[in-house]
Amino acid sequence: MLFFENKGTFNQHMTKMPLSNRSSTKYVNMAACVSENDSDKKLEFFLKVPFPSEREAAIALQSLSPDPEPRKGGITKNLDVTGHTLSVRWTADEARILRVSVSSFLDHLSLVMETLDAFGPPVSQ
Amino acid sequence: MPVVIGFEGSANKIGVGIIRDGEVLSNPRRTYITPPGQGFLPGETAKHHRGVILTVLQEALDEAGLKAADIDCVAYTKGPGMGAPLVTVAIVARTVAQLWGKPLLGVNHCIGHIEMGRLITNAQNPTVLYVSGGNTQVIAYSERRYRIFGETIDIAVGNCLDRLARVIKISNDPSPGYNIEQMAKKGNKYIELPYTVKGMDVSFSGILSYIEETLFAMLVEITERAMAHCGSQEVLIVGGVGCNLRLQEMMGVMCKERGARLFATDERFCIDNGVMIAQAGWEMFRSGHVTELSDSWITQR
């Protein structure tokens, strides 16, 4: 799922990720882009996660954004929601640091999705 | 009468508990146990918690005979503790709080232990000895805050015992401290120097007894000093190490000499659990505090 390109070209890869074992018909489309930006020599990684509703995307954002990155330097991560989609953007100095952060995030994202699946849908506000 | 659910997972125990007006409705818990000679690391511990937390949450609701709609607020451990496990638990707490449309309460783990100890034992205003794998503090309530009167200057007493257990490869099941205590009971020689070589053989249970006696005597001394300072006539022991009967016995002797009362809880509440977080969350909620989602970040300290 991770492709590292030379010379700043984009490589786009669509991945289907099962939401949970109990609802095997639900799939999440994730678009991941990696590029190496020549001008400041940072690695970038983008993730877009569609949710079944705007409300659930907003819930995911609020659950995943409060905690700071464990590693203080060498990585930034920004989360945002537009409509049904949660987007995440990383910049990192080294591939190893990027890998750890993205991997951690995906574990937490899975946990949010499993929780939404097991204890959702959200109550009406 | 608000019903509060509490999530705890700052170390290797993951617990979810539900409380209503001082009555424990459920308090299931799972422990991540490593093989002998190994401690628990943050990444693996977080992975363990991720794998079971939703099951334990459902168990908590089922045992209490409640539906999600019956919960009024969601408490979770904000800190202190290990980062990765704390995040795992906070994420689930935030998600269900939003799903159920209920306020979130970020609780201090240490205060969770103290509030639960007070609830269970009915101690009014005790000097508290908080001893566990991660914490060693003598705490008293003074001028509207819990204040630390004394603490370890390096590692927690439970950490010391856990490391000893690792070195001599004592089993971590159910916990290293419990197994040390069982072995130490069999030691009947108090040895002044911790160097026990008998010819070609060595003896370790004597060392464990020595270590327990010395560590616990140190804790009794600083607790006594805090009591003298505050003019307190009650001692409450909380935290996993508080399960140790020898510690309770030694503290009891000191209390009797001073005419003070000793309070302690059993392993359900000494060891990290979810309902202590729920109880502390309830105290927060009824004094009007809630935690905004943007402020709900976890802290290792």
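These exercises walk through a predicted model with chains A and B.

Residues are numbered from 1 along each chain as its sequence is written, while chains are lettered from A and ligands numbered from 1 in the order in which they are written. Local features need pLDDT of at least 70, side-chain atom pairs count only at pLDDT 80 or more, totals for chains, interfaces and linings use all residues, and side-chain values use heavy atoms, with hydrogens and water left out.

**Exercise 1. The interface**

Task: Describe the contact between chain A and chain B. How many residues does each chain give?

Solution:
- Start with the definition: contact means heavy atoms within 4.5 Å. Chain A brings 21 residues and chain B brings 22 residues.
- Turn to area. Buried area is the accessible area (1.4 Å probe) that two parts lose on being put together, summed over both. Here about 1900 Å² is buried between chain A and chain B, and carbon and sulfur atoms give 66% of that.
- Find the main contributors. Asp67(A), Leu111(A) and Phe119(A) supply 35% of the area that chain A buries against chain B, more than any other three residues.

**Exercise 2. Charged and polar pairs**

Task: Find the salt bridges that link the chains. Which residues form them?

Solution:
- Fix the cut-off: a salt bridge is a side-chain nitrogen of Lys or Arg within 4 Å of a carboxyl oxygen of Asp or Glu. Side chains of opposite charge can pair when their charged atoms come close.
- Count. The whole structure holds 15 salt bridges over all chains. Between chain A and chain B there are two.
- Take one pair. Arg94(B) bridges to Asp67(A), with the closest N and O atoms 2.8 Å apart.
- Take another. Arg50(B) meets Asp107(A) at 3.3 Å, N to O. Arg50(B) lies in helix α1 (residues 42-64) of chain B and Asp107(A) in helix α2 of chain A, so this pair joins two chains.
- Add polar contacts. A polar contact is a pair of N or O atoms within 3.5 Å; within protein, one must be able to donate a hydrogen and the other to accept it, and residues adjacent in sequence count only if both atoms are side-chain atoms. Nine residue pairs, both at pLDDT 80 or more, are in polar contact between chain A and chain B.
- Name the elements. Helices (H or I, at least four residues) and strands (E, at least two) are DSSP runs, numbered from the N terminus. On the side of chain A that touches chain B, α1 (54-64) and α2 (95-119) of chain A each give two or more residues. α2(A) gives the most there, with eight residues.

**Exercise 3. A sheet in chain B**

Task: Trace the five-stranded sheet of chain B. Which strands stand at its edges?

Solution:
- Set the rule: two strands pair if DSSP finds at least two bridges between them.
- Read the order. The open sheet runs β9-β8-β7-β12-β13 (chain B), and the pairing is mixed.
- Look at the edges. β9 (145-151) and β13 (261-264) of chain B each have a single partner strand, so one side of each is left without a neighbour in the sheet.
- Check the twist. Neighbouring strands are turned by 25° against each other on average, direction ignored.
- Zoom in on a pair. β7 (residues 127-131) and β8 (residues 136-142) of chain B pair in the antiparallel sense over four bridges. Tyr130(B) has Gln137(B) in β8(B) as its bridge partner.
- Add the helix. α7 (residues 245-258) of chain B packs on the sheet and touches β7, β12 (234-238) and β13 of chain B. Axes are lines fitted to C-alpha atoms, for helices over the stretch in contact, and angles run from 0 to 180 degrees between N-to-C directions. The direction of α7(B) makes about 160° with that of β13(B).

**Exercise 4. Loops and turns**

Task: Inspect the loop residue Asn27(B). Which backbone nitrogens does the side chain of Asn27(B) reach?

Solution:
- Locate the residue. Asn27(B) sits in the loop between β3 (23-26) and β4 (29-31) of chain B.
- Follow the side chain of Asn27(B). It reaches the backbone nitrogen of Gly274(B) at 3.3 Å and that of Val275(B) at 2.9 Å.

Task: Locate the cis peptide bonds at Pro121(A) and Pro80(B).

Solution:
- In chain A, a cis bond joins Gly120(A) and Pro121(A), with omega about 0°. Pro121(A) lies in the segment after α2 of chain A.
- In chain B, a cis bond joins Gly79(B) and Pro80(B), with omega about -10°. Pro80(B) lies in the loop between β5 (73-79) and α2 (83-100) of chain B.
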